[in-house]
Amino acid sequence: MCGIAAYYCRKNRDATQNVMLMLYAQQHRGQESCGIAAANGHKIRIHKAMGYVKEAFPQTILEELSSNAAIGHVRYPTRGEAAIENTQPYVIETLSGPIYAVASNGDIVNYEEIADELRVKGVHFASRNDGELLGRFIVYHHERKDMSIVDAIHLLMRRIKGAYSAVFLTHNTLYAFRDRGGFRPMLVGNIGEDIAVASESCALDILRPDSMREVAPGEVVVVTPHQVVYQHELDTKLLPENAKPVQPHHCIFELIYFARPDSYQFNEYVYEVRHKIGSRLASYDDDIGDVVVPVPDSANFIAMGYAMAKKIPFHLGLIRNHYVGRTFIRPDQYTRDESVRQKFNPLKDFFSNKRVILVDDSIVRGTTIRKLVRMVKGAGAREVHLRIGSPPVKHSCYYGIDTPNPNELIANNMEIEQIREYIGADSLKYLRIEDLRECVKTADNFCYACFNGNYPFPKLSTSSAIKKELPEEETS
Ligand code: SF4
């Protein structure tokens with residue numbers, strides 16, 4: 001998934017500090033590692049570390065990196081292993097002197113094709129990360145083909161397929177751009193005379209912007225010491241005269257699960273979409289429950305929508321320990337039930353002798369929800385009716401979300417009744433795809449490939465399909 005942030009100051013040197021704050025607000029988009037590259041008008045400096053933003057950027061580091069323009073990244077790995085060399089931003093040094101930095105969110109579908117083309121021309125890669133590919137593509141065409149950076153980015157949009165919302169920094173200019181389909185979110189905000197960019201609006205909110213808007217798919221935002229320029233590729237002479245915008249394919253899973261509920265993206269308030277999903281799910285049922293309980297946190301608003309539509313109590317009956325990370329869950333040393341117990345604890349009063357509507361946002365492998373259903377029954381529930389705020393996940397994602405191999409997706413291997421039986425719920429219902437479409441304003445502008453297999457771009461070739469498998473299914 002990953003999150004990006006950028007800040008450009010007109011008058012002071014608070015950019016690094018503000019980027020750190022925005023990354024901190026987007027920690028949910030990636031916890032593996034993080035980094036900030038900072039420009040002071042002459043050169044670019046960088047600091048990267050494994051782990052969380054707060055630990056990676058103590059005040060001493062922030063002061064050392066103080067700058068008037070900075071970009072940052074929190075990483076959630078999809079391509080390339082968990083290592084500092086795969087941590088973004090990337091800094092690209094050239095023989096002629098200039099230094100550039102780049103950070104991106106998403107996955108590139110034709111990575112191998114483009115990387116091979118550049119390698120043949122003598123370009124070397126230090127990592128296998130998409131951000132570096134974007135950066136090296138831009139720098140190659142700018143430095144060796146004498147293109148402006150904006151033209152190089154627009155060329156990139158025509159050549160590089162897949163998902164990327166990215167920021168690119170020179171010693172004194174910031175560029176922010178989004179792929180033509182706008183898979184991943186990215187917004188730009190005005191804060192006085194300053195400009196901020198982030199993956200999610202919740203990150204901009206903490207800086208109290210005067211205004212903000214989404215960077216349009218196919219658009220480049222250029223921030224120089226003197227001006228801000230918004231250049232959509234359709235406004236350039238690079239495309240045929242009658243060229244039309246590409247149909248957007250925003251990731252619907254951002255709204256279901258990944259984004260923070262207080263974010264606004266793809267022209268939608270995330271919490272509102274989740275609420276609508278919940279009331280759609282409620283319309284599938286008669287009076288079957290006494291209490292609605294979400295699997296926290298991403299299913300909270302879905303469950304709330306269900307409970308309000310049905311007028312039955314909503315309770316946070318499962319308490320989540322937010323400090324349990326994946327690395328702490330070690331199935332090799334603990335029983336499977338114990339690993340879930342580290343993360344969730346049931347409040348028995350809400351379950352005892354109740355018919356429980358348990359709500360989750362999605363089911364991937366089915367292993368975690370199975371344990372949770374067992375836990376809820378162990379806490380005294382008379383019946384557990386599982387309601388899922390998305391259609392069955394049957395296909396892997398190739399655009400920046402780390403879903404496992406299709407063979408491991410439970411809905412790819414079992415019918416719904418078999419899944420119910422495996423999970424041990426008394427009933428199981430998923431949101432229908434046609435109802436999911438009804439929950440957003442512009443249904444045709446979304447990607448639903450993990451549900452229906454209709455990929456906006458062809459799948460990855462095997463050579464480039466380097467995916468890190470999750471050690472344990474993550475829910476919420
Ligand atoms: S395949 Fe699914 S997770 Fe991936 S971009 Fe499309 S909707 Fe999002």
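Begin by selecting K311, which is found in the loop between α10 and β18 (318-320). The model you have open is a predicted one, and every stop on this tour should be read with that in mind. At K311 the backbone angle phi is near 55°, a positive value in a residue other than glycine. Now show the surface around this side chain: is K311 buried or exposed? K311 is exposed, with a relative accessible area of 73%, and the cut-off to keep in mind here is that exposed means over 50%.

Next, select R208, and look for the loop between α7 (201-205) and β11 (211-214), where this residue lies. R208 also has a positive phi, near 50°, and it too is a residue other than glycine. The relative accessible area of R208 is 70%, so this residue counts as exposed.

From these two loops, turn to the peptide bonds, and select Q88 together with P89. The bond from Q88 to P89 is cis, with omega near 0°, and P89 sits in the loop that runs between β4 (69-75) and β5. Then move along the chain to P296 and D297, where the peptide bond from P296 to D297 is cis as well, with omega near 5°. D297 belongs to the loop between β17 (291-294) and α10 (300-310), and α10 is also the helix that comes before the loop of K311, where the tour began.

Now select residues 149-159, which form helix α6. How many of the eleven residues of this helix are buried? Eight of them are, and the helix is therefore described as mostly covered, since buried means a relative accessible area under 20%. If you colour I149, V150, A152, I153, H154, L155, L156 and M157, you will have marked the buried residues of α6. To see what covers them, display their neighbours: the buried residues of α6 pack against the helix α5 and against the strands β6 (99-105), β7 (165-169), β8 (174-178), β12 (219-223) and β13 (228-232).

Helix α5 leads to the next stop, because α5 (130-144) and β5 (90-93) each supply at least two residues of the lining of the second largest pocket. Select E93, T94, R136, V139 and R144, which lie nearest the centre of this pocket among the 13 residues that line it. Which element gives the largest share of the lining? That share, five residues, comes from α5. If you colour the lining by class, you will find five nonpolar, four polar and four charged residues, and the space in this pocket is about 310 Å³. As a general point, rolling a probe the size of a water molecule over the atoms shows where empty space is left.

Finally, zoom out and select the whole protein chain, which has 16 helices and 23 strands. The radius of gyration of the chain is 23 Å, close to the 23 Å that the globule rule gives for 476 residues, so the chain is as compact as a globular protein of that length. Turned along its principal axes, the C-alpha trace spans about 70 × 50 × 45 Å. Buried residues make up 59% of the 476 residues, while the accessible surface comes to about 19,200 Å², of which 50% belongs to carbon and sulfur atoms. Among the contacts between residues at least 6 apart in sequence, 70% join residues at least 24 apart.

Conventions: Residues numbered from 1 in each chain as written. Predicted model: local features only at pLDDT ≥ 70, side-chain atom pairs only at ≥ 80, totals over all residues. Heavy atoms only, no water. 1 Å grid on protein atoms, 1.4 Å probe; cavity = no way out; pocket = protein on both sides within 12 Å on 5 of 7 lines; lining within 4 Å. Points joined across faces, edges and corners; volume = space filled by probe spheres on them. Helix = DSSP H or I, 4+ residues; strand = E, 2+ residues; numbered from the N terminus. Nonpolar A, V, L, I, M, F, W, Y, C, P; charged D, E, K, R; others polar. Rg over C-alpha atoms; globule rule 2.2 N^0.38 Å. Buried < 20%, exposed > 50% of the residue type's maximum accessible area, 1.4 Å probe, protein only. Contact = heavy atoms within 4.5 Å. Areas by Shrake-Rupley, 256 points an atom, 1.4 Å probe, with all protein chains shown as cover.
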